[in-house]
Structure formats: structure tokens, C-alpha cells
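Got the viewer open? Here's a short tour, one selection at a time.

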Amino acid sequence: MSAQLRLYNTATREISDFKPLQPGKVGIYLCGATVQAPPHIGHVRSGVNFDILRRWLTASGFDVTFIRNVTDIDDKILHKAVHEEIPWWAVAQKYERAFTDAYRALNVLPPTYEPRATGHISQMVELMQLLIDNGSAYAPGNGDVYLEVRKLSSYLTLSRQKLDDLQSAEDAEETFKRDPRDFALWKAAKPGDPSWPTPWGAGRPGWHLECSAMAHAYLGESFDIHGGGLDLIFPHHENEIAQSQSAGWGFAQTWMHNAWVTASGEKMSKSLGNSLQVHEILKRVRGVELRWYLGSAHYRSMLEFSFEALEEASVNFRRIEGFLKRAKEVLGDLPDNQIPQDFADAMNEDLAVPTGLAVISELLRSGNTALGANDVAGVAHSASNIRGALSILGCDPFDEAFVQGGDDQTQLLDGLISLALEQRTEARARKDFTAADAIRDQLTELGVVIEDTAAGTRWSIN
Ligand SMILES: [Zn+2]
């Protein structure tokens, strides 16, 4: 595929030709999870969006090194440890595994490397030493280390703010700062909290320092793409740039940010987030269907969540899957994947997935026509092109990730419970309420919660 990939760069606010630093190779750093709670769909949207980018770069012939870190030390993790009455590292392990399970269920490819912050303390100490030695950072003597932001003329260029307009950093009550807007690279140990030794006192890393040090460790001083959610532009990414450029590194060439999943127009709140945890949603739809839904919007567009929209996306996906299954019956074996040119053109224009989905819809229409007309060549053409496009979206229903394991069981469970609910609806229709109630009671006993709504009966597992 020779066409030029163009990407939107948050740093320039423009779509421009993507030119890797080394021909044929791409290095990507994506900010990963702070592992302090189970993932909700807002968390994994970023994983899905950047997995599509990675698959597209690979299909375009690039050798991709993909880093997604794990922030396994953080205030929120320490609070959760107190709340759950388990050690902080057990909290981090537990939720890291929950994220890994969610990524696997959604067919998000494992990163090339997945560094944990606590495994890279020595690189963080080295970076701080460099910044102190060259006068960019200071250790006031209490165990903290700060970056002196006014020394860096390019500070705040990513978020396009002025230093004079900037409010004090979140920990501004600190009296050890030379300027209230300076931010912490390192935080002095508090009694009872985990800490690591440094020449400036024991403590633990600030979140921003972690990502600069890990990106440098795996991708070098300069690399191609840095990604994350929109809410990370400031302060996180701005501070990563400040640290890295103060160290003399070029750092990321292109900055890419995915938009949020919203509910009622707002970024998903924590309370709502509970019902939208990935493992809860996966009781309603299969992993491939949730991925199809999350990947269907353009990565820079907000995705307004509703169960109706999720259901609609699932139905649309099942139509495509149904065609491919029938095509397989007709053809015996499905032909090799082919990436349609129109789809490739859409992906090359800042990953225009919605345009790509229109290409798939058109192929589905012609494929179904070909099935009806016993046009074997037409069926084969549609099937190979649809599968080619789906493979980039990570949604090929014949992908082993979806064919094996839990997905089949989820489908079976969904079928069985739907069957029982149909029986209950029929019993109620003939006014046999004893039978209807008995079905509901038996399902409840099995842990299936039934909810009658205006839109029909919903179920979930307790
Ligand atoms: Zn980060």
C-alpha cells in the first residue's frame, strides 16, 4: 500500500503527512491505565482506537514497536489498598489483570512491551539527576523534586496555554516550590507509604516522570507517536514534554488523542462507570460486538453511550457476520483477506473509520445480492474484502481471539436466557402468570436479574 498516511497532530492542530523518524519503523507510546479499579468502556476505548492505528500501520508495511505502560503506584492505588485492606501491590496486580482480561476480550493486541512504573525507578532517578545537573529541576531538601517550569520556553505549547494564565499546580500548598506552578517529579515518602531511595531522599515517582522515563527507555530520545485520552493533554502530556525536552530529548513527533465515551454529554462519571464496566457489558454483548461499537466512531469524536446504540451496533455487526458465515458455507473456505482500496484510502486520512464502515456496508449489500444470485465470484469478492477491512478494525469474527473461549459461552448463555425469557413472555401473553412467575423465580435463583422496561425485558447476572 503506497498511499501516504496522514494523521492529526494535536501539537500542530493539523492533519499532515506521517513521516516516521526511521523509514519503515514506527515507535508508539500510549499512556496505559492507572490500575486502581476495574476498566470501564471509557478506559478501553483508548486501547481499541490505538490498536486500530497499530493494525493499520502494520498492514501498511511498518515495523511497529508499541509501548503501553502500567501505572502501578499512585495515590488512588494507595487509597484503594486502605479501603480493600490489602497491600498496595495486590491492588495494582488485581486491576492490572482486570485490564489485561478486558483487552484480551476486545482483541486488543498485547503491546510489544508493557512496562510497569515500579520496574523503572532507576531510569526515573537517572532522568531526575540529569534535570538537576542541568539546572531544570531542583530538590528543596524535603525529599521532593520539582521541575522549574519557567526555565522552559516551550512549556504549554501542546495545550496552547500561557504560563501567566496558569493556575498553581494541584499540589500548590507545598511551600517548598520556587514557583507555585512548578510540578513534582518525585514525592517525598509519607509514613506507611511505599518508597524508593534516591540521592534526594526516599519517596515515590510522580505520574508524569514515569511516562517520560519509560518512553525513553523503550523508544529512545525521539520517537514517532505519543497517544492517550483527550483529558491527558494537560497537565500529563504537557509535563511529559517539559521533562523530556528539558533533558534535551526530542520526544514525540506526533501527538494523538482519542475523545471520550460520554453519557448524557458528559465524560463518564465514576458512579455511572460502575454499570459500564467492561465485564458487565460483556454479559450483554460479545467482545467483538463491544469492540465494533467502540471502534465505530472516529477516534477524535465523542462517543455518546447508550444501551440502544450498543444494541444497534451489535445487530449491525451480526448482519456482517451472518453474511460471512453464509459465504463460508457457499464457498467451502473463505478466500484470503483483501483490503479494499476505498477502505485503505479512508484509513490513510486520519483513520476515518466511519467512511471505512460505509465501504463495508456497500460490500455487504453487493455480497448479499451475489448470494441471492448464486454469483460465487461476487460472494468471494465481497467476503474477502469485508474480512480484510474487519481485520484492520480487529473485528474479524473468524479471528481466533473471538472464536475460542468465553465468547462462545457468552453466546450460548445469551441464547439460553433469551429462550427462557421468551417462554415467560408467552406465558404472560396467555395470562398464565403462575408459569411466568415460576420462570422468573428460577432465573433469579440462578443469579439472573430480570428487569422489565419499556424497551423490553433486560437481564444481567448478579
Ligand atoms: Zn502517560
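Start by selecting Asn9 and Glu14: this is a predicted model, and in it Asn9 sits opposite Glu14 of strand 2. Now widen the selection to residues 6-9, which make up strand 1, and residues 14-17, which make up strand 2. The two run antiparallel and are joined by four bridges. Between the strands of this hairpin lie four residues, so to speak the turn to click through next. Stop at Arg13, which has a positive phi near 60°.

Next, jump along the chain to residues 261-263, which are strand 11. Strand 11 pairs with strand 12 in the antiparallel sense, over two bridges. Pick Ala263 and look across: Glu266 in strand 12 stands opposite. Now bring in strand 13 as well, and you have an open sheet of three strands, ordered 12-11-13, with mixed pairing. Which strands stand at the edges? They are strand 12 (266-267) and strand 13 (303-304); each has a single partner strand, so one side of each has no neighbour in the sheet.

Time to go inside. Select Ile41, Leu57, Leu290, Trp292, Leu294 and Ile360: these have the most contacts within the largest nonpolar core, which has 123 residues. Keep Ile41 and show what it touches: leaving aside residues up to four places away in sequence, the list is Val261, Met268, Leu276, Val278, Ile281, Leu290, Leu294 and Phe305.

For the last stop, select Ile417, Leu421, Ile450 and Trp459, which are among the six residues of a second, separate core.

Methods:
Residues numbered from 1 in each chain as written. Predicted model: local features only at pLDDT ≥ 70, side-chain atom pairs only at ≥ 80, totals over all residues. Heavy atoms only, no water. Core = buried A, V, L, I, M, F, W, Y, C linked by side-chain atoms within 4.5 Å. Buried < 20%, exposed > 50% of the residue type's maximum accessible area, 1.4 Å probe, protein only. Contact = heavy atoms within 4.5 Å. Pairing = 2+ DSSP bridges.
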